[in-house]
Amino acid sequence: MQYSKGELRRAKTLELIKAHGKISLQEIIEVVGCSEATARRDLDMLEKSGGIIRTTGGAIYEGLLMQSAAELPFADKRDFKRQDKERIAEAAASLVEEGDIICLTGGTTTFFIAKALKSRRNITIVTNAVNIAFELADSEDIQVVVIGGVMRAKSYELSGPLAENVIDRINITKMFLGVDGVSLNHGFTMHSELEARIAQLMIERSSEVYAVFDQSKLEKSALFTITPLRQVTGVITNKQPEGWFEQACREQQIAVHTTIDHTAST
């Protein structure tokens with residue numbers, strides 16, 4: 001079977017991405033020997049065929065994201081399943097009412113919730129994520145409360161004793177909890193012990209807690225448990241639960257909100 005020059009070039013690009021986990025446009029141009037416009041077109045085609053995720057200035061191997069998301073910068077994780085995250089964010093935003101005090105933990109899905117809430121009026125958003133606070137900085141009708149502490153570079157989250165002292169003084173109406181894994185035995189989990197601790201404290205101060213995640217997080221366990229499944233009010237995800245997760249939600253009386261439900265009601 002004979003392959004075109006374009007097919008061979010894209011095959012070589014894909015091999016490079018798999019070998020290194022991620023690649024920049026400049027690296028493609030230098031190694032493959034093509035123009036920037038050609039490199040961009042090739043990455044767009046490779047993303048459509050599956051296996052890679054386009055990022056600003058390059059691409060990431062999807063398998064790497066699935067296996068070691070905790071080690072990747074926020075900007076790279078943000079584009080992984082972005083459309084699903086944006087739809088989950090819209091579903092989460094539909095639960096927010098005027099006068100609510102909303103808590104957003106750090107994470108890519110919660111970042112999109114912040115974007116979905118930017119035009120709201122008369123709500124307060126409490127967060128330990130610097131990038132979420134910055135995203136909301138120009139929203140005049142939203143009061144933003146930033147929990148202090150030491151920032152973790154790859155997630156932009158603040159944690160430590162300063163954060164814990166602030167949390168102990170606030171009351172939260174609805175909390176949207178970003179997670180790294182969801183499993184029957186370990187519940188909702190997170191890669192960072194410090195971030196898990198902050199999330200646990202904010203859960204204690206919240207009237208309602210909604211875990212927000214796409215289906216890629218199911219049946220995965222990060223190192224630290226934030227909370228058992230039974231302790232959340234509900235989950236917001238991109239697909240209707242099946243199997244053990246459906247049973248767990250039913251038995252633990254966990255409300256299920258999906259992007260399918262939200263799309264049908266809008």
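## Working through two small sheets, two helices and a few side chains

Three bridges hold strand S11 against strand S13 (residues 224-227), and these two run antiparallel. Keep in mind that this is a predicted model. Here are some exercises to do with the structure open.

### Exercise 1: Build the sheet around S11

Task: work out which strands form the open sheet that holds S11, and in what order.

Step 1. Start with the S11–S13 pair. Met190 stands opposite Phe224 in S13, so you can find the pairing there on screen.

Step 2. Now look for another partner of S11. Strand S10 (residues 181-183) pairs with S11 (residues 187-190), antiparallel again and over three bridges. On this side, Ser183 has Gly187 of S11 as its bridge partner.

Step 3. Check how the chain gets from S10 to S11: a hairpin of three residues makes the link.

Step 4. Put the pairs together. The sheet is open, has three strands and reads S10-S11-S13, with antiparallel pairing. S10 and S13 are the edge strands; each has a single partner strand, so one side of each has no neighbour in the sheet. On average, neighbouring strands here are turned by 40° against each other, ignoring direction.

Step 5. Add the helix. H10 (residues 193-204) lies across S11 and S13, and runs at about 10° to S13.

### Exercise 2: Do it again near the start of the chain

Task: find the strand order of the open sheet that contains S1, S2 and S3, and say which strands stand at the edges.

Step 1. Look at S1 and strand S3 (residues 58-61): three bridges join them, and they run antiparallel. To locate the pairing, pick Ile23, whose bridge partner in S3 is Ala59.

Step 2. Read off the order. It is S1-S3-S2, in an open sheet of three strands with antiparallel pairing.

Step 3. Settle the edges. Strand S1 (22-24) and strand S2 (52-55) each have a single partner strand, so one side of each is left without a neighbour in the sheet. The average twist from one strand to the next is 20°.

Step 4. Add the helix here too. H3 (residues 36-49) lies across S2 and S3, at about 140° to S2.

### Exercise 3: Glu36, from the backbone out

Task: describe where Glu36 sits and what its side chain does.

Step 1. Place the residue: Glu36 is in helix H3.

Step 2. Decide on burial. Its relative accessible area is 41%, so Glu36 counts as partly exposed.

Step 3. Look for contacts further along the chain. Setting aside residues up to four places away in sequence, Glu36 touches Leu25 and Ile29. Leu25 is 11 residues from Glu36 along the chain, with 6.8 Å between their C-alpha atoms.

Step 4. Follow the side chain. It makes a polar contact with the side chain of Arg40, at 2.9 Å.

### Exercise 4: H6 and the loop after it

Task: compare the span of H6 with the expected span, then decide whether Asp100 is buried or exposed.

Step 1. Take the helix. H6 (residues 82-93) has 12 residues, and from its first C-alpha to its last it reaches 16 Å, close to the 16 Å expected at 1.5 Å a residue.

Step 2. Pick out the buried positions in H6: Lys85, Ile88, Ala89, Ala91, Ala92 and Ala93. Yes, there's a lysine in that list.

Step 3. Move on to Asp100, in the loop between H6 and strand S4 (101-104). Its relative accessible area is 6%, so Asp100 is buried.

Step 4. List the surroundings. Apart from neighbours within four places in sequence, Asp100 is in contact with Leu95, Asn122, Ile123, Thr124, Thr173 and Lys174. The Asp100 side chain also reaches the backbone nitrogen of Glu97, at 2.8 Å.

### Exercise 5: Cysteines and the whole chain

Task: find how many disulfides the structure holds, then classify Cys34 and Cys249.

Step 1. Recall what you're looking for: a disulfide is a covalent bond between the sulfur atoms of two cysteines. The structure holds zero of them.

Step 2. Classify the cysteines. The cut-off for buried is under 20% relative accessible area. Cys34 comes in at 13%, so it is buried. Cys249 is buried as well, at 4%.

Step 3. Zoom out. The protein chain has 266 residues, 48% of which count as buried. Its secondary structure comes to 12 helices and 15 strands. Of the contacts between residues at least 6 apart in sequence, 60% join residues at least 24 apart.

Note on methods
Residues are numbered from 1 along each chain as its sequence is written. This is a predicted model: local features need pLDDT of at least 70, side-chain atom pairs count only at pLDDT 80 or more; totals for chains, interfaces and linings use all residues. Side-chain values use heavy atoms; hydrogens and water are left out. A disulfide is a pair of cysteine sulfur atoms within 2.5 Å. Buried means under 20% relative accessible area, exposed over 50%, partly exposed in between (1.4 Å probe, protein chains only). Two strands pair if DSSP finds at least two bridges between them. Helices (H or I, at least four residues) and strands (E, at least two) are DSSP runs, numbered from the N terminus. Axes are lines fitted to C-alpha atoms, for helices over the stretch in contact, and angles run from 0 to 180 degrees between N-to-C directions. Contact means heavy atoms within 4.5 Å. The expected span of a helix is 1.5 Å times one less than its number of residues. A polar contact is a pair of N or O atoms within 3.5 Å; within protein, one must be able to donate a hydrogen and the other to accept it, and residues adjacent in sequence count only if both atoms are side-chain atoms.
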